[in-house]
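Reader: I should like to go through this model with you. Could we start with the fold and then turn to the contacts?

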Amino acid sequence: MSEDAERVEGRSGSGPRTAPLPEAAALGELRDRFERDALALLPSLYAGALRLTRNPSDAEDLVQETFLRAYRGFGGFEEGTNLKAWLYRILTNTFINAYRKRQREPATVPVSGDETDDRSLFDRLAEDSLTESAEAVVLDRIPDEDVRAALESLPDQFRLAVLLADVEGFSYREIAEIMGTPVGTVMSRLHRGRRALEKRLWVSMRERGLVSD
Amino acid sequence: MLRDLELFLDRELPDVECRRVEEHLAACAPCMGRVEFRRRLQVIVARTCGEESVPPELMLRVRRLPVERPPD
C-alpha cells in the first residue's frame with residue numbers, strides 16, 4: 001500500500017502527501033490483475049507477433065509496444081470479457097500502424113502451374129499418384145518449419161485471418177472486431193487465406209518428394 | 001455442401017444446420033474424409049504456429065512495465 005502511495009507522490013511531483021487509499025488500492029488491484037491475466041497470454045501473443053513480423057527482433061518490439069498500450073488502457077477493459085481478443089486487437093492495430101508500413105509484403109514465390117488453381121489440399125492429394133493411404137496421413141510428414149513458412153508466406157490480411165481463426169480459435173465475429181472489418185470480409189479472407197496456405201503446403205510437399213510432381 | 005462444411009468446421013453454423021451436416025457426414029464417407037483432413041490440418045497449424053516460449057529478456061521487460069508505468 002505504501003509503495004503505491006510513494007509511486008503516486010513521485011508521479012505528481014508535489015511534496016510528500018498521502019494518496020487517497022481507494023485510488024491507490026484500485027491501481028494496485030488493476031496492476032495485480034493485469035500481471036495475473038495479461039502476462040499469462042504472453043506466449044500466445046508473442047507467437048502471433050512472430051508470425052506477423054516474421055522476425056524475432058520486431059516481434060519483441062511489437063509485443064512490448066502492445067503490452068504498454070494494453071497496460072495503459074487496462075482500466076477500460078471490461079472484466080469478464082475476452083481478454084485475449086482485446087489484446088489481439090491492440091496487437092493487430094499496433095502491427096498495422098507501426099510495422100506493416102515498414103515491411104514489404106512477403107515476396108510470394110511464383111508457383112509453377114495454373115495461378116488460378118486454388119483447389120484444396122485434400123483434393124490435390126486425392127488426385128496424387130504417390131498418395132496411397134488416406135490423405136490425412138501424409139500431413140504428419142510435413143516438417144513443422146514448412147507449416148510456419150507456409151503461413152508466413154501469406155499476404156498480411158490472409159495471414160492475420162488464418163492466424164486468428166486456426167491458431168487462436170477466435171469466432172468470425174471476434175476476428176471481425178479484431179481486424180476492424182465486416183464478418184463477410186473475414187470469411188472471404190479466411191477462405192482464400194486457407195487455400196493459399198494449402199497451396200503453399202502442396203509446393204513444399206512436392207519439393208520434399210512427399211507427393212509426385 | 002462444401003461451403004457448409006467450412007462453416008461447420010468453424011462452428012459457425014446454427015444448431016439445426018449443424019445437425020443436418022452431421023447427419024450427412026454419418027452417411028457420406030468422402031465428405032467425412034474431407035472434414036477429418038481439415039481438422040487434422042488445423043490442429044497441425046495451431047500446434048506449429050501457436051504458443052512460443054518467450055525469450056527471458058522480453059518476459060523481464062514486459063513484467064517491469066506495470067511496475068514502472070502505472071495506468072493513466
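Author: This is a predicted model. From the N terminus on, the elements of chain B run α-α-α-α.

Reader: How many helices and strands does that make in chain B?

Author: Chain B has four helices and zero strands.

Reader: What is the radius of gyration of chain B, and what would a compact globule of 72 residues have?

Author: The radius of gyration of chain B is 21 Å, whereas a compact globule of 72 residues would have one near 11 Å. Along the principal axes, the C-alpha atoms of chain B fill a box of roughly 60 × 30 × 15 Å. Of the 72 residues in chain B, 40% are buried.

Reader: Now the interface. How many residues does each chain bring to the contact?

Author: Chain A contributes 47 residues and chain B contributes 38 residues. Together the two chains bury about 4200 Å², with 64% of that on carbon and sulfur atoms.

Reader: And how many salt bridges and polar contacts are there between chain A and chain B?

Author: There are eight salt bridges between chain A and chain B. In addition, 15 residue pairs are in polar contact across the interface, both residues being at pLDDT 80 or more. By class, the side of chain A that touches chain B comprises 27 nonpolar, five polar and 15 charged residues.

Reader: Which residue meets Arg61(B) in a salt bridge?

Author: The partner of Arg61(B) is Glu60(A), at 2.9 Å from N to O. Glu60(A) lies in helix H4 of chain A. Because its relative accessibility is 13%, under the 20% limit, Glu60(A) counts as buried. Beyond its neighbours within four places in sequence, Glu60(A) also has contacts that include Tyr46(A), Pro55(B) and Leu58(B).

Reader: What about Asp123(A): which residue is its salt-bridge partner?

Author: Asp123(A) pairs with Arg34(B), and their closest N and O atoms are 2.9 Å apart. This pair crosses from helix H6 of chain A to helix H3 of chain B. Asp123(A) is partly exposed, at a relative accessible area of 21%.

Reader: Changing topic, where in chain A do Glu79(A) and Arg33(A) sit?

Author: Glu79(A) is in the loop between H4 and helix H5, and Arg33(A) is in helix H2, 46 residues apart. Their side chains form a salt bridge at 3.7 Å, N to O.

Reader: Is each of those two buried or exposed?

Author: Glu79(A) counts as exposed, with 53% relative accessibility, whereas Arg33(A) counts as buried, with 8%.

Terms used
Residues numbered from 1 in each chain as written. Chains lettered and ligands numbered in written order. Predicted model: local features only at pLDDT ≥ 70, side-chain atom pairs only at ≥ 80, totals over all residues. Heavy atoms only, no water. Contact = heavy atoms within 4.5 Å. Buried area = accessible area lost by both parts, 1.4 Å probe. Salt bridge = Lys/Arg side-chain N within 4 Å of Asp/Glu carboxyl O. Polar contact = N/O pair within 3.5 Å; in protein donor to acceptor, adjacent residues only side chain to side chain. Nonpolar A, V, L, I, M, F, W, Y, C, P; charged D, E, K, R; others polar. Helix = DSSP H or I, 4+ residues; strand = E, 2+ residues; numbered from the N terminus. Buried < 20%, exposed > 50% of the residue type's maximum accessible area, 1.4 Å probe, protein only. Rg over C-alpha atoms; globule rule 2.2 N^0.38 Å.
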